[in-house]
Amino acid sequence: MSAIGFVELNSIARGYEAADAALKTSDVQLASCHAGCPGKFYFLFKGDTAAVEAAVIAATAIGRENVVDSTVIANVHEDVIKAMAMATSVTLGGALGVMEFFSVTAAIYAADAAVKTADVNLIELRTGIGIGGKSYVTLTGTVSAVEAAVKAGIAEKNVEGMLVHSAVISGPDNALLESLY
């Protein structure tokens, strides 16, 4: 799959309508669809770029004034989708990186930039569920790789103004790492 589409709405009912329209409009696969905090609705789908673009247009047309954010990311790294589905197979490295954002879209862009920049493993990309609508990315690898990945993630142009905080923890305690799974 070469692209992902993401739509965030401030209405759960309208969110389901918009997700249905997106899925019926073009040949895309639903990757994630859920209500989150604070009373928002998020859905992510994947497919070829033209199909994803058509689906985002259909969803935003149905979502109208309830659309908070939407985006299409072409050539997204496959690990970003896995991290959003918490389906990663991670080998723990020497460092833990965490990037926290006010926006789900910013976290997706940051995760994509991070994994394309350095040899890191994405652990999770948490999207607004139970954390007040914020999002965060966790990743692991060598200290230098995690530092480079986090630096690239928070510097991504589509992240500007959305960063809450980032951290690189060298040699994290095993109990902390185990809590991530």
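Met162 sits in the loop between α5 (143-155) and β8 (163-170); helices (H or I, at least four residues) and strands (E, at least two) here are DSSP runs, numbered from the N terminus. With a relative accessible area of 30%, Met162 is partly exposed, a label for values between buried (under 20%) and exposed (over 50%), using a 1.4 Å probe and protein chains only. Together with Phe102 and Val164, Met162 makes a nonpolar patch on the surface, with about 240 Å² of accessible area. Patch members have over 30% relative accessible area and no salt bridge, and nonpolar side chains (Val, Leu, Ile, Met, Phe, Trp, Tyr) are joined within 5 Å, while like charges are joined within 9 Å. A salt bridge would be a side-chain nitrogen of Lys or Arg within 4 Å of a carboxyl oxygen of Asp or Glu, and the areas come from the Shrake-Rupley method with a 1.4 Å probe, where only the protein chains shown count as cover for residues.

A word on the model itself. It is predicted, so local features need pLDDT of at least 70 and side-chain atom pairs count only at pLDDT 80 or more, while totals for chains, interfaces and linings use all residues. Residues are numbered from 1 along each chain as its sequence is written, and side-chain values use heavy atoms, with hydrogens and water left out.

Now to the sheets. One open sheet has 4 strands in the order β6-β7-β5-β8, paired antiparallel; two strands pair if DSSP finds at least two bridges between them. At the edges stand β6 (121-127) and β8, each with a single partner strand, so one side of each has no neighbour in the sheet. From one strand to the next, the twist averages 10 degrees, with axes being lines fitted to C-alpha atoms (for helices, over the stretch in contact) and angles running from 0 to 180 degrees between N-to-C directions. Within this sheet, β5 (residues 95-101) and β7 (residues 135-141) share 7 bridges in the antiparallel sense, and Ala95 has Gly141 of β7 as its bridge partner.

Another open sheet of 4 strands runs β2-β3-β1-β4, again with antiparallel pairing. Its edges are β2 (29-36) and β4 (67-74), each with a single partner strand, so one side of each is left without a neighbour in the sheet. Here, too, the twist averages 10 degrees between one strand and the next. β2 and β3 are antiparallel and joined by 7 bridges, and Gly36 stands opposite Lys40 in β3.

What about the rings? The whole structure holds 4 aromatic pairs. Phe6 and Tyr42 are a stacked pair, 6.2 Å centre to centre with 20 degrees between the planes. This pair links distant parts of the chain, since Phe6 lies in β1 (residues 3-9) and Tyr42 in β3 (residues 40-47), 36 residues apart. Rings of Phe, Tyr and Trp (its six-membered ring) pair if their centres lie within 6.5 Å; planes under 30 degrees apart are stacked, over 60 edge-to-face, and the rest tilted. Phe6 is buried at 2% relative accessibility, and Tyr42 is buried at 1%. Separately, Tyr16, Phe41, Phe43 and Phe45 form one aromatic cluster.

Two residues other than glycine carry a positive phi:

| Residue | Phi | Place | Relative accessibility |
|---|---|---|---|
| Arg64 | near 40 degrees | loop between α2 and β4 | 47%, partly exposed |
| Asn75 | about 55 degrees | loop between β4 and α3 (78-84) | 56%, exposed |

Finally, Ile57 is found in helix α2 (residues 49-63) and counts as exposed at 58% relative accessibility. Ile57 and Thr71 are 14 residues apart in sequence and 10.0 Å apart in space, C-alpha to C-alpha.
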